[in-house]
Amino acid sequence: MESQPTTIELVSSFPLPASLRGVERASFQLTSGDVEMIRRVYEYRVVHIDHISVLIGRSYKKIHGRLLKLVQHHFLARIELAFQKHIYVIGREGINVLVEQGIASWELIEWRLRHHELKELFLKHQLMLVDLHCMLELAGRKTDIGLNVWREGKELWDTMQVWRDRERVSLPVCPDAFFVLEDASRPDGRNRLNFFLEADRSTTTHKRFQNKLVAYRQYMEDGLHVKRYGIKTFRVVTVTLTPERALSLNAVAREVLPSHARKYFLFASIDSLSLSNPNPILSDVFVSPREPDAEGTRHRLVSQV
């Protein structure tokens, strides 16, 4: 991938539709750069200006005014939370652009207009996912390890039957995202690594997190990942807000998981990662319950399981 992406490179495969080229909309002319911003907001669902800046390779100053114009003309909408950066979501005119471009259909994206229904806790959780999604994409531009697949939503959710105290109980398997990293340095057939992501904002009790771990282990042992995703194996990555929380959940995993299953689980905190320097997300910042002393050992996402 290109190490220094430019706006031209990013939007070259997304030319303006004929109906929009040269058309003034109330003294506002939509540009190919605007279309790229609309596409990125749709792709990530909710973003703030820093996400747009790093994804399209343009400065905060250059895109701030364009974002304001896109909101004023309903290509984007803006959510304002106290003492936080504005959050941008797709607007009705933006959907018209996406449909005309062939990027998406009305049936698939009209539900995204219900941004007024989004609650603050959901938005904070979603922005954490966006941060991680962005970091993986950006880090992949400068290495052999690229983000190949990113999926979110209820389509990933499942339920497992497990034994608890001699009774069968149902436990949810509800990852926040499923993603695939492709390592160009590895031979075909061994170059794709699959992950389920848990973005933890410290709202889950240890008991509930134990249930998540048990459900993932059963999901793997029953081979449902093979049936549903066509993958041979996967790892579960949990990213927390603080290092202390990451170590705490890692200790929970060590208690509840059998030794042979611990190698499939990784933990890290987002405070060691950033949009301005995304490369560490592919470095050795993760702890694993397979190690008795998690403080002294760090792992990479892309390593032999």
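1. Start with the middle of this predicted model. Its largest nonpolar core holds 65 residues, and the ones with the most contacts inside that core are I38, L76, L136, L181, L197 and L301. Helix α7 (residues 120-140) supplies the largest share of this core, 10 residues. There is also another core, set apart from it, with 28 residues, including Y229, V236, V252 and A253. As background, nonpolar side chains in soluble globular proteins tend to be buried together.

2. For the overall picture, the protein has 305 residues, and 50% of them are buried. Its secondary structure adds up to 10 helices and 11 strands. If you look at contacts between residues at least 6 apart in sequence, 63% of them link residues at least 24 apart.

3. L197 deserves a look of its own. Setting aside neighbours within four places in sequence, L197 is in contact with L129, L132, W150, P175, D176, A177, F179, V237 and V239. L197 also helps line the largest cavity, as do L132, F179, V237 and V239.

4. Now α7 itself. Is this helix enclosed or not? Of its 21 residues, 17 are buried, so α7 is largely enclosed by the rest of the structure. Its length checks out too: at 1.5 Å a residue the helix should span 30 Å, and its end C-alpha atoms are 30 Å apart, which agrees.

5. On to cavities. The structure holds two of 30 Å³ or more, and the largest has a volume of about 50 Å³. Its lining is made of L132, L136, F179, L197, V237, V239, L273, I281, F286 and L301. The elements giving two or more residues to that lining are α7 and β10. Note that L136, L197 and L301 line this cavity and are also listed among the residues with the most contacts inside the largest core.

6. The largest pocket is a separate item on my list, with about 1100 Å³ of space. Its lining runs to 34 residues, and H125, Q126, L129, W157 and D176 lie nearest the centre. Elements that give two or more residues to this lining are α2 (32-44), α7, β5 (145-151), β7 (167-173), β9 (192-199) and α8. Which of them gives the most? That would be α7, with six residues.

7. Helix α10 (residues 243-256) is a nice one to rotate on screen. Its 14 residues should span 20 Å at 1.5 Å a residue, and the end C-alpha atoms are indeed 20 Å apart, which agrees. The buried residues of α10 are R245, A246, L249, N250, V252 and A253. They cover an arc of only 155° around the axis, which puts them on the same side of the helix. On the other side of α10, E244 and E255 are exposed. In general, an α-helix has 3.6 residues a turn, so residues three or four places apart point the same way. The cover over the buried residues of α10 includes α8 (206-221), β10 (235-240) and β11 (265-269).

8. Last, an arginine you might want to click on: R245, which is found in helix α10. Is R245 buried or exposed? Its relative accessible area is 12%, so R245 is buried, given that the cut-off is under 20%. Not counting residues up to four places away in sequence, R245 touches D200, S202, T203, T204, H206 and T240.

Note on methods: Residues numbered from 1 in each chain as written. Predicted model: local features only at pLDDT ≥ 70, side-chain atom pairs only at ≥ 80, totals over all residues. Heavy atoms only, no water. Core = buried A, V, L, I, M, F, W, Y, C linked by side-chain atoms within 4.5 Å. Buried < 20%, exposed > 50% of the residue type's maximum accessible area, 1.4 Å probe, protein only. Helix = DSSP H or I, 4+ residues; strand = E, 2+ residues; numbered from the N terminus. Contact = heavy atoms within 4.5 Å. Expected span 1.5 Å × (residues − 1). Arc of directions from axis to C-beta. 1 Å grid on protein atoms, 1.4 Å probe; cavity = no way out; pocket = protein on both sides within 12 Å on 5 of 7 lines; lining within 4 Å. Points joined across faces, edges and corners; volume = space filled by probe spheres on them.
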